[in-house]
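Please look over the sequence and the model shown here before reading the briefing that follows. The points are grouped by topic, beginning with a single residue and then moving to the wider picture.

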Amino acid sequence: MWDYSEKVQEHFFNPRNAGAVEEANAVGDVGSLSCGDALRLTLKVDPETETILEAGFQTFGCGSAIASSSALTEIIKGKKLDEALVVSNQDIADYLDGLPPEKMHCSVMGREALQAAVANYRGEEWKDDHEEGALICKCFAVDAVMIEDVVRANGLRTVEEVTHYTKAGGGCSACHEGIEEILTTVLTEQGEAFNASAKAAPPKKTKLTNLQRIRRIETVLESLRPQLQADHGDVELVDVEGNTVYVNMTGACSGCQMAGMTLNGIQQRLVEEMGEFIKVVPASAMQKMAAAG
Amino acid sequence: MSEPIYLDNNATTLVAPEAVEAMLPFFSEQFGNPSSLHSFGDKVGRALLNARRQVQALIGAEHDSEVIFTSCGTESDSTAILSALKVQPNRKEIITTVVEHPAVLSLCEHLEKDGYTVHYLKVDKKGRLDIQEYANLLSDNVALVSVMWANNETGTLFPVEEMAELANEAGVLFHSDAVQVAGKLPMRLQDTAIDMLSLSGHKLHAPKGVGVLYLRRNTRFRPLLRGGHQERGRRAGTENTASIIGLGQAAELALANIEQENTAVRRLRDKLEKGILAQVPYAFVTGDPGNRLPNTANIAFEYIEGEAILLLMNKAGIAASSGSACTSGSLEPSHVMRAMDIPYTAAHGSVRFSLSRYNTEAEIERVIEAIPPIVSKLRKLSPYWSGDGPVEDPAKAFAPAYA
C-alpha cells in the first residue's frame, strides 16, 4: 500500500468541508487524466471583499485525492481570492506532511480546482496549462511528458543528459530503461538512432587553482539551485577540503527524506562537471568530525 | 477490533500449517543438496521426487517428469513463451488475450519491440473471448498461444481445453497461465492438448518463491536458465528445496479439498455477493458470473473509487483488492475492467473479494455488514451522487475538465 502520512490518513478518514457549499458562487470541476480522479470545488465568496467564506469539495477519487481536497478547503477558507490563487500544489502536499511521488498529481488537481473555481467566479474560462504523463522517475517524480519535452527542447541524446536537465534517473536508476525508451522514440522521429554508449559532453581536464576550483563548484551548485528551489529547498556551499565538499541543505531540503538522494544527485553532478571524484557531505558532519577530532 | 478478515486470496494465500510443518526440517537437518551422492543429499532428493508426484497428481499430468519447479508463476510464463519462440525461429506471431496477467502481457509487449507480432484477443462486456476470432488467427506463422485459464481479477474462465485442441489441430503450441485455477478446479492435463502450463505456489497455500512449469513430454523446449542438470537440465539452479516440499504438501491438500472449494467456498462467495448486492444499490458483478472461479466475486461500486473503499475496509479489518488505478502502484486503471468496457465511474470502484477454504461464515457475515456504510460514506463525498442516488444524468451533471 501507499506510504501515507498520518495527516493524509486523518484527512481521509475525517474529511473537512465535504459536500457542496449551499449558495455557492464559484464552482471548479477538474479531473486528473493520469488516474481518473475528479474533484468539484464549490466556494462561497464575499463579493465585497473577495474573501472565501466557505469552501466545500466533492471528490471521486482515492485516499490522497480526498485528503488533498480536504486540505485545500482548509487552506483557502478565509483567504482572499488573490491570496488563495498563490497556493501551490506543493503547499497542499506540505499541509499534509507530504504525498507519495505517485500521488503528487492529487495535489495538482486541488490547485487546478481552485484556479477553475476562481475563473468561474470571475466569469473567465479556465484552461489547463499542463499535461501529465506516466510517472517515469519515482525518486524525483518526473513524468514521461516532461522528459519528452525536455529531450526535444534541448536535443538531448543520453540518459545522463536527461538526468542533468530533469533529475529523472538521478536516484535509484531503475527508470533508465524507461528514459532510454523515450530517447529512442524522440531520436527516431528526428531520424537519429539512440546510442547507449554515446557520452555526454566530456568534462575538461585542466589543473585549476584552489580559487578557480571553488568558484567552479559554486557555479555548479548555482546551476542546480533552480531545481531545488522548485521544491522549496536550497543548498549553500560551506567549505571545500580536498575532495570533500561541505554543504548546507536549507529550506524544504533540510530534514527532507529525500535529502540524502539530493546530496547524491549534487555529488554526481559535481563529479561530472569537475572531472574528478568529489564527495558531498552535509556541513553538520564537518562539525561532528571536528568535535571528534 | 476482532481478527482481520482476509479476502484477497487471488493475490496470495496463507501458507497451510501442514505445508509449514513439512518444510521445517528442510531448513535444518535436511539441508543437503539433492544433487549430492551422499545420504545428506539423497534424502532431500527423494523428498523432491515426492513433491513432484504430489504436484503431478494435482494437475493430472501423465508423468512426474513433466513437472518443472521454477521460482514463480512469472518465471514459468517467461520460460514457456521464450522457449516456444526459440524452438521455432521462423514463427514470428503470438496469440494471447487483452486481459492476461502482466507476467504474460508485459513480456508480449516487450517482444513486439523485438519484431514479433502479438495478437491480443478481445473480450466482450462479460470478459468472454470470441473463439471464431481466435480460430481465424491460428496459422503456420504462430509460434505460441498463451491464454490464462482464469482471470485473476474477475475469476472468469476461458475455454482453454477447447482452445488448446484448436491450436493442436493447427500445429501451434499452447500455453496456459493457470495460477488462479490450480487447486480451485479439478484439472487433468493428460486428457488435454495443453503443451505448457504455469502455476504458482503462493496462490494455493504454499510459500512464495516457488512455481511450476508443466511441460508435456515431447514438447520441444529450450531452457531459460542454463547451468547445472537440475530439473533434468530444463531449469538450472539449486532447487528451493524447502519451498518445493511445501508446494508438494499444499498440492496434496488442495487436491483433497477441491470438492470443498466448489461447495463450501462457492456458497460463502455467493452469500457474500448476494448479501452485498441486496443492500448496496448501483453495484454489479463484473465478468461472467455463470462461468468463473468458485472463490472470486468482483463487484463494481458505481460513483466511488476503489482505493478509498479499500482504505476504509482496511480500517474495518477487511482485506481485499481493487481494479482502481490508484491501487496498482502504477496508476494504470485495471486493463481487465477497461477491456470489458466497464464505464469508468464503475471500473474505478471495482473491488475483488477472493475467498479461500480458511474463510468462515461468521467472517462473511461481518463483511456483509461492513460494506454498505463504507460505500455510502464515500458516495456522500462523490460529485456524482446526491442524497440516495446518483445525480440526474451523472456524465452531464459532472463533466470536469481533464488534465
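Between which strand and which helix of chain B is the loop in which Asp393(B) is found? In this predicted model, Asp393(B) belongs to the loop that lies between strand E15 (389-390) and helix H12 (394-397) of chain B. The notes below take up this residue again together with other positive phi values, and then turn to chain B as a whole, a sheet with strands from both chains, an enclosed strand of chain B, and selected helices of chain A.

**Backbone with positive phi**

- Most residues other than glycine have a negative phi.
- Asp393(B), although not a glycine, has a positive phi of about 50°, and with a relative accessibility of 43% this residue counts as partly exposed.
- Asp341(B), likewise not a glycine, has a positive phi of about 65°, and its place is in the loop between helix H9 (335-339) and helix H10 (344-347) of chain B.
- In chain A, Lys167(A) takes a positive phi of about 75° just after helix H7(A).

**Chain B as a whole**

- The secondary structure of chain B comprises twelve helices and 16 strands, and its C-alpha atoms fill a box of roughly 75 × 50 × 35 Å when taken along the principal axes.
- The radius of gyration of chain B is 22 Å, which agrees with the value near 22 Å that a compact globule of 403 residues would have.
- Of the 403 residues in chain B, 59% are buried, while the chain exposes about 16,100 Å², of which carbon and sulfur atoms supply 52%.
- When contacts in chain B between residues at least 6 apart in sequence are considered, 72% of them join residues at least 24 apart.
- Chain B carries 39 positive and 48 negative charges, and the mean positions of these two sets are 3 Å apart.

**A sheet with strands from both chains**

- An open sheet of four strands, with mixed pairing, follows the order E3(A)-E2(A)-E1(A)-E16(B).
- Its edge strands are E3 (51-60) of chain A and E16 (401-402) of chain B, each of which pairs on one side only.
- Within chain A, strand E2 (residues 38-46) and E3(A) pair in the antiparallel sense over nine bridges, and in this part of the model Arg40(A) stands opposite Gln58(A) in E3(A).

**Strand E8 of chain B**

- Strand E8 (residues 211-215) of chain B is largely enclosed by the rest of the structure, because five of its five residues are buried.
- Both faces of E8(B) are covered, with Gly211(B), Leu213(B) and Leu215(B) buried on one side and Val212(B) and Tyr214(B) buried on the other.
- Strand E2 (residues 67-70) of chain B runs antiparallel to E8(B) and is joined to it by four bridges, and the bridge partner of Val67(B) in E8(B) is Tyr214(B).
- Strand E7 (residues 196-200) of chain B also runs antiparallel to E8(B), here with five bridges, and Leu197(B) stands opposite Tyr214(B).

**Helices of chain A**

- Helix H7 (residues 159-166) of chain A has six of its eight residues buried, so this helix is largely enclosed by the rest of the structure; the buried residues are Val159(A), Glu161(A), Val162(A), Thr163(A), His164(A) and Thr166(A).
- Thr73(A) has its place in helix H2 (residues 63-76) of chain A and, at 0% relative accessibility, counts as buried.
- Once neighbours within four places in sequence are left aside, Thr73(A) is in contact with Arg16(A), Asn17(A), Leu41(A), Ala55(A), Gly56(A) and Phe57(A).
- Leu187(A), found in helix H8 (residues 176-189) of chain A, is buried with a relative accessible area of 2%.
- Leu187(A) and Arg157(A) are 30 residues apart in sequence, yet their C-alpha atoms are 7.6 Å apart in space.
- With neighbours within four places in sequence again left aside, the contacts of Leu187(A) are with Leu156(A), Arg157(A), Glu192(A), Ala193(A) and Phe194(A).

Conventions. Residues numbered from 1 in each chain as written. Chains lettered and ligands numbered in written order. Predicted model: local features only at pLDDT ≥ 70, side-chain atom pairs only at ≥ 80, totals over all residues. Heavy atoms only, no water. Helix = DSSP H or I, 4+ residues; strand = E, 2+ residues; numbered from the N terminus. Rg over C-alpha atoms; globule rule 2.2 N^0.38 Å. Buried < 20%, exposed > 50% of the residue type's maximum accessible area, 1.4 Å probe, protein only. Contact = heavy atoms within 4.5 Å. Areas by Shrake-Rupley, 256 points an atom, 1.4 Å probe, with all protein chains shown as cover. Lys, Arg positive; Asp, Glu negative; His and termini not counted. Charge placed at Lys NZ, Arg CZ, Asp CG, Glu CD. Pairing = 2+ DSSP bridges.
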